[in-house]
Amino acid sequence: MENRKEMRKWLDDMNLGHPLVIAGPCSAETEEQVLKVAHELKDTDVSYYRAGIWKPRTRPGNFEGVGAIGLKWLQKVKEETGLKTATEVANRAHVDLALEHDVDLLWIGARSTVSPFIVQEIADALEGTEKIVLIKNPVNPDLSLWLGAVERLYSANIEKLGVIHRGFSTYEKTKYRNIPEWQLAIELQTKFPDLPIINDPSHISGKRDLIFDVSQTALDLNFDGLMIETHCDPDNAWSDAAQQVTPERLVQIMKDLRIRKETDEEAEYNNKLSNLRAQIDVLDNQLIDLLGKRMKVSDGIGELKKQKNVAVLQSNRWNAILGNMILEGEQRGLSEEFVLRMFKAIHQESINHQEKIINA
């Protein structure tokens with residue numbers, strides 16, 4: 001699969017003056033709830049009304065969706081509000097039922113994207129469809145697996161494709177439910193600049209007070225749209241209560257978000273930008289030079305440990321470095337999360353160097 005300008009035609013054809021907005025409750029709960037939220041969203045920036053009909057849950061016993069009856073409620077949403085509809089599908093039976101009820105946009109969830117068997121089954125069921133199909137990133141940060149899922153749909157002659165960035169699971173404690181790993185989404189955009197990419201700030205943040213900031217970051221990174229879970233009574237939602245916002249809050253978020261231009265032709269701006277980028281280039285070269293020197297010191301430590309038959313990992317030393325660097329970083333305006341991720345990468349490279357020497 002190669003990038004093609006035509007990939008974003010379905011989005012361009014909408015002629016939206018704002019990012020694409022997909023909103024609605026995490027789960028369809030009752031007909032009254034589905035219709036109430038839809039009516040409150042019908043005169044907003046929302047183009048597609050989303051509601052989960054089938055809910056993949058981590059553990060059995062939790063609410064797993066209302067099932068096919070919810071598709072009839074989505075049909076009523078379209079009839080009464082004119083909003084197009086969207087839901088998640090996870091197997092051929094879901095696809096057949098969604099198409100039978102004329103759902104306009106289907107998405108494949110993160111837990112399904114990890115399985116090539118499931119994705120292929122869905123691709124076969126959707127072959128040649130003119131519906132829009134979006135593929136969420138897999139739960140683990142694996143770009144090849146994500147793109148592999150897109151390729152399966154693309155090979156099934158589905159023209160209206162896009163992806164949803166919903167963040168990635170991690171065992172680390174962070175302020176997010178799923179860490180954004182923005183760099184991975186940027187890498188996907190670099191490979192396929194015309195493949196529409198939607199951000200899902202609800203699943204990244206896991207709590208409603210972070211949704212605006214995550215949405216703004218996504219728009220600053222040229223994402224094409226947002227999928228935001230919306231409920232009239234979020235605190236009493238049957239699933240993902242903490243990450244849903246009210247329709248009123250959604251409208252305010254969309255008003256407050258700033259849409260950036262991709263560039264500006266003004267000469268003074270471009271001169272200043274060139275100057276700052278030149279400074280970044282110099283600093284980046286210095287960083288690479290310093291890291292190279294640091295690894296040479298690690299090689300020396302590896303030689304010394306080899307002579308004395310000492311293990312590569314020294315946990316006390318490593319914990320001390322991390323603690324000091326977090327404090328140093330804080331004084332320079334660097335977040336603890338960034339310092340941890342950077343030094344873990346540096347530490348892993350140091351271990352690789354020492355392992356190579358000790359086992360030579």
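Here is a short tour of the spaces inside this predicted model, with a stop at one serine on the way.

**Stop 1: the largest pocket.** Start by selecting R8, N222, F223, D224 and E262, the lining residues that lie nearest the centre of the largest pocket. You're looking into about 540 Å³ of space. The whole lining takes in 22 residues, and by class they split into 13 nonpolar, four polar and five charged.

**Stop 2: the second largest pocket.** Next, pick out Y176, I179, P180, E181, W182, Q183, T217, S335, E337, F338, R341 and M342, which line the second largest pocket. Two elements each give two or more residues to this lining: helix 8 (182-191) and helix 14 (336-358). Colour helix 14 if you like, since the largest share, four residues, comes from there. The volume here is about 460 Å³, and the lining has six nonpolar, three polar and three charged residues.

**Stop 3: a closed space.** How many cavities of 30 Å³ or more does the count give? Just one cavity, with a volume of about 40 Å³. To find it, select R4, M7, Y154, I158, E159 and L161, the residues that line it. Four of the lining residues are nonpolar and two are charged, with no polar ones.

**Stop 4: S112.** Finally, go to helix 5 (residues 110-113) and click on S112. Is S112 buried or exposed? S112 counts as buried, because its relative accessibility is 6% and the cut-off for buried is under 20%. Now show A90, I118 and V119 as well: S112 touches these three, leaving out residues up to four places away in sequence.

Terms used. Residues numbered from 1 in each chain as written. Predicted model: local features only at pLDDT ≥ 70, side-chain atom pairs only at ≥ 80, totals over all residues. Heavy atoms only, no water. 1 Å grid on protein atoms, 1.4 Å probe; cavity = no way out; pocket = protein on both sides within 12 Å on 5 of 7 lines; lining within 4 Å. Points joined across faces, edges and corners; volume = space filled by probe spheres on them. Nonpolar A, V, L, I, M, F, W, Y, C, P; charged D, E, K, R; others polar. Buried < 20%, exposed > 50% of the residue type's maximum accessible area, 1.4 Å probe, protein only. Contact = heavy atoms within 4.5 Å.
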